[in-house]
Amino acid sequence: MSSQNPEQQAEQAADRLPAHAEDERREQPVVRTGMFGANTTGDTSGYGGLVVRQAPKVSAPRPYGGPSGTAEAGEFDEVADALERAYPRFGDAIERVVVDRGEMTFYVQREHLADVARTMRDDPALRFELCSGVSGVHYPDDAGAELHSVVHLLSITHNRRVRLETTCPDADPHMPSLVPVYPTADWHERETYDFFGIVYDGHPALTRIEMPDDWVGHPQRKDYPLGGIPVEYRGAEIPPPDERRSYT
């Protein structure tokens, strides 16, 4: 019997996704060169030659195992099998399944998101009754899928957690709201809209929740200006940090 706790086992079993040979990595598109973004002075660190390539979108191999990171069929396989049985269009809806660090993520086509979520909630073998959060991620170099919406689900009945991740392009930042399925997604979707600009169609009141209503832009996107912006406070305007007077 192992003396490791489940978290340690999950960490050791984290890199179960298939590795890619060096020649395969060379064929992947370059998304960034260098380390620190500076290109006006000589490079004395050696990081100027760093080449970062687009990570491949791969699926975890079967068996998926479970939160403990075991290499045998486990809870995650049961969830995937139950969803495939309950949702007839599983093959069309699920782009890929990723199991990493003891966590399971279903990548769902956005047109199927609401139906998949409703199946996850209602099927007796799944019973993910609670949406504990909706968050956003921005990948500017992920062409056609720059915006990601991540839904965190909890099954109180079976004591299991999974994620549903859905993407949309910057040019069409729309995806269906899950508020009709999970009312707790209400303010989470508002926050994701506020910070990332993802428009959740069908939301009952998709308005800003953190930033002022007349705010321009979405501050947690990677293309948002760095260095801050002018802030007006009690009649005085405070410039962004990179424009303030220096006393040194």
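**Group meeting: strands and salt bridges in a predicted model**

I will start with one residue, aspartate 172, which has a relative accessible area of 32% and is therefore partly exposed. On this scale, buried means under 20% relative accessible area, exposed means over 50%, and partly exposed lies in between, with a 1.4 Å probe and protein chains only.

Now, where the values come from. This is a predicted model, in which local features need pLDDT of at least 70 and side-chain atom pairs count only at pLDDT 80 or more, while totals for chains, interfaces and linings use all residues. Residues are numbered from 1 along each chain as its sequence is written, and side-chain values use heavy atoms, with hydrogens and water left out.

First, the chain as a whole. It has six helices and eleven strands. These are DSSP runs, numbered from the N terminus: helices are H or I with at least four residues, and strands are E with at least two. The chain has 248 residues, and 36% of them are buried. The accessible surface is about 14,900 Å², and carbon and sulfur atoms account for 50% of that; the method is Shrake-Rupley with a 1.4 Å probe, and for residues only the protein chains shown count as cover. Take the contacts between residues at least 6 apart in sequence: 50% of these join residues at least 24 apart. A contact here means heavy atoms within 4.5 Å.

Next, three strands. Strand S4 covers residues 103-108, pairing with S7 in the parallel sense over three bridges. Two strands count as paired if DSSP finds at least two bridges between them. Why is S4 described as largely enclosed by the rest of the structure? Because five of its six residues are buried. S7, residues 160-168, is mostly covered too, with seven of nine residues buried.

In the pairing of S4 with S7, phenylalanine 106 stands opposite leucine 164, and tyrosine 107 stands opposite glutamate 165. Phenylalanine 106 also stands opposite valine 97. That second pair belongs with strand S3, residues 94-100, which pairs with S4 in the antiparallel sense over six bridges. S3 and S4 make a hairpin with two residues between the strands, and arginine 101 there takes a positive phi near 55 degrees.

S7 has another partner, S6. Strand S6, residues 147-155, pairs with S7 in the antiparallel sense over nine bridges, and serine 149 stands opposite threonine 166. These two strands also form a hairpin, with four residues between them, and asparagine 159 in the turn has a positive phi of about 55 degrees.

Now the charged side chains. How many salt bridges does the structure hold? There are 13. The criterion is a side-chain nitrogen of Lys or Arg within 4 Å of a carboxyl oxygen of Asp or Glu.

One of them joins arginine 160 and glutamate 78, with the closest N and O atoms 2.4 Å apart. Arginine 160 is in strand S7 and glutamate 78 is in helix H3, residues 75-86, so this pair links parts of the chain 82 residues apart. Arginine 160 counts as buried, at 15% relative accessibility, whereas glutamate 78 counts as partly exposed, at 43%.

Another salt bridge is between arginine 163 and glutamate 103, at 3.1 Å from N to O. Here arginine 163 is in S7 and glutamate 103 is in S4, 60 residues apart. Both are partly exposed: arginine 163 has a relative accessible area of 22%, and glutamate 103 has 40%.

Back to aspartate 172. Its salt-bridge partner is arginine 110, and the closest N and O atoms are 2.8 Å apart. Aspartate 172 is in the loop between S7 and strand S8 (174-176), and arginine 110 is in the loop between S4 and helix H5 (113-122), 62 residues away. Arginine 110 is partly exposed, at 23%.

Last, charges over rings. The test is that NZ of Lys or CZ of Arg is within 6 Å of the ring centre and within 35 degrees of the ring normal. Arginine 96 lies over the face of tyrosine 107, 4.0 Å from the ring centre. The charged end of lysine 222 sits over the ring of tyrosine 139, at 5.7 Å from its centre.
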